[in-house]
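Reader: Before I use a model like this one at the bench, I want to know what the terms rest on. Please take me through them one by one.

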Amino acid sequence: MLRSACACDGVEPTPPEIAGWLDPATGDFTEGAAPADARPCGADDCASVSLLRLCDQTEAECVPFLRHLVHDCSGTVTASTDTTLDGITPYVAAGETGDCDDCPCEDGSKVLPLCDYQPDGTSVPFLRHLTYDCTTGQVTEETDTETDATTPYTPTGDIGECGECRPAPMCPQLLGLSGPETWTMPEGTESVAVTVACGPVTITDCASNATVVNECGTAFSWAAPASGGCGPPALCTPFTVELPEGAAVYLNFVSPCLGDAS
């Protein structure tokens, strides 16, 4: 009997090695090389050996094993011997022997790494433990823990796979301001438009360039270029609009929905 190692992905298989030999008359298996006088079978030596993969079903488990069958010239089984799946180690069945497809399935469990996405865009990793029925595949029990797999965890946001692109929600806002007042643009603002109702108004951009606008009815707008990453683009900060006494502006901007940005 020869044994060959598995070869995958185009790798050349290794030469087969001798696992042992089987006496066709008795079915007894002996590990190692065959006897020195072993020779090819002649016309009168037409015994053959076949292998069956069976399962030994007990109350506790279903164990697969190999049954080696010795056939005579007419195909009649004259002897058999059982081994573990390595084809060498003897095996003694302890329960009912049959087809492995007849083994009852066992309920299984799996652990899923997930993330709890919060309204502010942050995420909290946790583990979801599932127990499922092997026959129907339906989940029969579900519990959540922290990543230590022990401490209970209760999700409070949206649940999804970790690493998902989930930017903070953006909200358009409209403000009407009169002086004295200094408005600071919120972090993460995507676009802003300033309409001067009554000047003078001082607009200072993120490069500290200050522009004084005196003309009433003048409008300006800024929009961040596409970021190419996860989430909307954002204008640089700080960006301020300063109004002295008697001045007034309207501000129309899109920023993360994190409450009142006035």
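Author: Helices (H or I, at least four residues) and strands (E, at least two) are DSSP runs, numbered from the N terminus. By that count the protein has zero helices and 20 strands. This is a predicted model, in which local features need pLDDT of at least 70 and side-chain atom pairs count only at pLDDT 80 or more, while totals for chains, interfaces and linings use all residues. Residues are numbered from 1 along each chain as its sequence is written, and side-chain values use heavy atoms, with hydrogens and water left out.

Reader: What makes the protein more spread out than a compact globule?

Author: The radius of gyration is taken over C-alpha atoms, and the globule rule is 2.2 Å times the number of residues to the power 0.38. For 262 residues the rule gives 18 Å, and the protein has 39 Å, well over that value, so it is more spread out than a compact globule. Along the principal axes, the C-alpha atoms fill a box of roughly 115 × 45 × 30 Å.

Reader: Why is L175 called buried, and A36 exposed?

Author: Buried means under 20% relative accessible area, exposed over 50%, and partly exposed in between (1.4 Å probe, protein chains only). L175, in strand 13, has 13% and is therefore buried. A36 has 86%, so it is exposed; its place is the loop between strand 4 (29-31) and strand 5 (48-57). Over the whole protein, buried residues make up 24% of the 262 residues.

Reader: How far is L175 from F253, and A36 from A60?

Author: The C-alpha atoms of L175 and F253 are separated by 8.6 Å, with their places 78 residues apart along the chain. A36 and A60 are 24 residues apart along the chain, and their C-alpha atoms are separated by 44 Å.

Reader: Why are T182 and S50 called partly exposed?

Author: T182 has a relative accessible area of 43%, which falls between the two cut-offs, so it is partly exposed. S50 has 27% and therefore also counts as partly exposed. T182 is in strand 14 (residues 181-184), and S50 is in strand 5.

Reader: How do you know which residues T182 and S50 touch?

Author: Contact means heavy atoms within 4.5 Å. Leaving aside residues up to four places away in sequence, T182 touches T240, V241 and E242. T182 and T240 are 58 residues apart in sequence and 6.7 Å apart in space, C-alpha to C-alpha. With the same exclusion, S50 touches R67, H68, L69 and H71. From S50 to H71 the C-alpha distance is 7.9 Å, with 21 residues of sequence separation. Among contacts in the protein between residues at least 6 apart in sequence, 53% join residues at least 24 apart.

Reader: What makes a set of residues a nonpolar core, and which residues have the most contacts inside the largest one?

Author: A nonpolar core is a set of buried Ala, Val, Leu, Ile, Met, Phe, Trp, Tyr and Cys residues joined through side-chain atoms within 4.5 Å. The largest has 19 residues, and W183, V192, V201, V241, V249 and L251 have the most contacts inside it. Strand 13 (170-178), strand 15 (191-198), strand 16 (201-204), strand 19 (240-243) and strand 20 (248-256) each give two or more residues to this core. A second, separate core of six residues includes A19, L22, A79 and I88. In soluble globular proteins, nonpolar side chains tend to be buried together.

Reader: What makes the bonds before P180 and P200, and the phi of A149 and S208, worth a remark?

Author: Most residues other than glycine have a negative phi, and most peptide bonds are trans. The peptide bond from G179 to P180 is cis, with omega near 0 degrees, and P180 lies in the loop between strand 13 and strand 14. A cis bond also joins G199 and P200, with omega about 0 degrees; P200 lies in the loop between strand 15 and strand 16. Phi of A149 is near 70 degrees, a positive value in a residue other than glycine. S208, not a glycine either, has a positive phi of about 70 degrees.

Reader: Is A149 buried, exposed or partly exposed, and which of these is S208?

Author: A149 has 39% relative accessibility and so counts as partly exposed. S208 has 61% and is therefore exposed.
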